[in-house]
Amino acid sequence: MVCLCVTINVKLFKIEGVIEESTTIREMSILRIVVDIFLQMGYNQAKCNALLRILLRCKIHGEKNISYHEKKYIDNNIRLRNILAELPPYVQDFCRGRQTTLSMQTQIAYCYDLKIFFQFLTTANPTLKNSALRDISLDVMENLRPTDIEEFQNYLKVYESQNTGEAMTNGEIGISRKISALRSLFDYLYKHEMVKNNPTRIVDVPKVHEKAIIQLRSR
């Protein structure tokens, strides 16, 4: 197979890679779409370059030559992108601002926890029943009260997954983590004057009780 070394100029990013002669216009268009997605997620030039090089290697050499860590990196980025796409723009901005301080796995966990909160809002608030998560406005967040956060805590104990329909449960650790994620979001909104109240700071985070240590004694 003959390959050509070329430079792709997409959205002012110069991506150097190896492209097959058979690369079609459609495939080049897909690369441009990928760059647009990376830009929307707030990635800088270096990160865009790295991700596109990995994608080019996948196309040319096949997935079998991609390392486990590279494949995991791609999978996690796609997973994070898909979750963010469902959430409101102000949540996307909040999550992008934490990319430099949190690991990819932690970012995914944060976004997933916040997604559950917005799903709760569509369940608990009749006016939001048929609303897409990304359409939930800041006005809704502004009007939330401490009792709503307490109701969310109770909801987290047992709720139905909107994806699978299965019953989901959370213990003390799971509830505490999700309330902490919600607190961080409200702290961000309050700091940037997007909301005037922060009801999460009035509600106590569930205390996580340590499990008793069982000691085995020999006779």
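# Working through a predicted model

Glu 193 is exposed, with a relative accessible area of 71%. Keep in mind that this is a predicted model, and let's work through it piece by piece.

## Exercise 1: Glu 193

Find where Glu 193 sits, decide whether it is buried or exposed, and describe its phi angle.

**Solution.**
- Step 1: Look at the segment after α8, because that's where you'll find Glu 193.
- Step 2: Compare its accessibility with the cut-off. Exposed means over 50%, and Glu 193 has 71%, so it counts as exposed.
- Step 3: Check the backbone. Glu 193 isn't a glycine, yet its phi is positive, at about 55°.

## Exercise 2: The overall layout and the confidence

Work out how many helices and strands the protein has, and where the confidence is lowest and highest.

**Solution.**
- Step 1: Count the elements. You get eight helices and four strands.
- Step 2: Put them in order. Starting at the N terminus, they run β-β-α-α-α-α-α-α-α-β-β-α.
- Step 3: Look at burial. The protein has 219 residues, and 39% of them count as buried.
- Step 4: Look at contacts between residues at least 6 apart in sequence. Of these, 58% join residues at least 24 apart.
- Step 5: Now the confidence. The mean pLDDT is 78, and 67% of the residues reach 70 or more. Strand β1 (residues 3-10) has the lowest confidence, with a mean of 38, while α6 has the highest, at 96.
- Step 6: Pick out the weak stretches. Residues 1-22 stay under 50 in pLDDT, and the model gives them 48 contacts beyond four places in sequence. Residues 60-64 are also below 50, with seven contacts beyond near neighbours in sequence.

## Exercise 3: The nonpolar core

Find out which elements give two or more residues to the largest nonpolar core, and which one gives the largest share.

**Solution.**
- Step 1: Start with the core itself. It has 41 residues, and those with the most contacts inside it are Phe 117, Phe 118, Leu 121, Met 141, Phe 152 and Leu 185.
- Step 2: Trace the elements. Two or more residues come from each of α3 (68-86), α4 (89-96), α5 (104-124), α6 (138-142), α7 (146-157) and α8 (172-191).
- Step 3: Find the top contributor. That's α5, with ten residues.
- Step 4: Zoom in on Phe 152. Leaving out residues up to four places away in sequence, Phe 152 touches Ile 116, Phe 117, Phe 120, Ile 179 and Leu 182.

## Exercise 4: An aromatic pair

Describe how the rings of Tyr 90 and Phe 118 are arranged, and explain which parts of the chain they tie together.

**Solution.**
- Step 1: Know what to look for. A pair of aromatic rings is described by the distance of the centres and the angle of the planes.
- Step 2: Get the two values. The centres of Tyr 90 and Phe 118 are 6.4 Å apart and the planes make an angle of 55°, which is a tilted pair.
- Step 3: Place the residues. Tyr 90 is in helix α4 and Phe 118 is in helix α5, so the pair ties together parts that are 28 residues apart in sequence.
- Step 4: Check burial. Both Tyr 90 and Phe 118 are buried.
- Step 5: Widen the view. The whole structure has ten aromatic pairs, and ring pairs link Tyr 90, Phe 117, Phe 118, Phe 120, Phe 152, Tyr 155 and Tyr 159 into a cluster.

## Exercise 5: Two buried polar residues

Decide whether Ser 184 and Asn 170 are buried or exposed, and find what their side chains contact.

**Solution.**
- Step 1: Apply the cut-off. Buried means under 20%. Ser 184 has 18%, so Ser 184 is buried. Asn 170 has 16%, so Asn 170 is buried too.
- Step 2: Place Ser 184 in helix α8. Its side chain makes a polar contact of 3.4 Å with the side chain of Tyr 110.
- Step 3: List the other partners. Beyond four places in sequence, Ser 184 is in contact with Phe 94, Arg 98 and Tyr 110. Arg 98 itself lies over the face of Tyr 110, 4.8 Å from the ring centre.
- Step 4: Move to Asn 170, in the loop between β4 (167-169) and α8. A polar atom of its side chain is 3.0 Å from the backbone oxygen of Leu 156, and a polar contact of 3.0 Å joins its side chain to that of Lys 178.

Methods. Residues numbered from 1 in each chain as written. Predicted model: local features only at pLDDT ≥ 70, side-chain atom pairs only at ≥ 80, totals over all residues. Heavy atoms only, no water. Core = buried A, V, L, I, M, F, W, Y, C linked by side-chain atoms within 4.5 Å. Buried < 20%, exposed > 50% of the residue type's maximum accessible area, 1.4 Å probe, protein only. Contact = heavy atoms within 4.5 Å. pLDDT = per-residue confidence, 0-100. Polar contact = N/O pair within 3.5 Å; in protein donor to acceptor, adjacent residues only side chain to side chain. Phe/Tyr/Trp six-rings, centres within 6.5 Å; stacked < 30°, edge-to-face > 60°. Lys NZ or Arg CZ within 6 Å of the ring centre and 35° of its normal.
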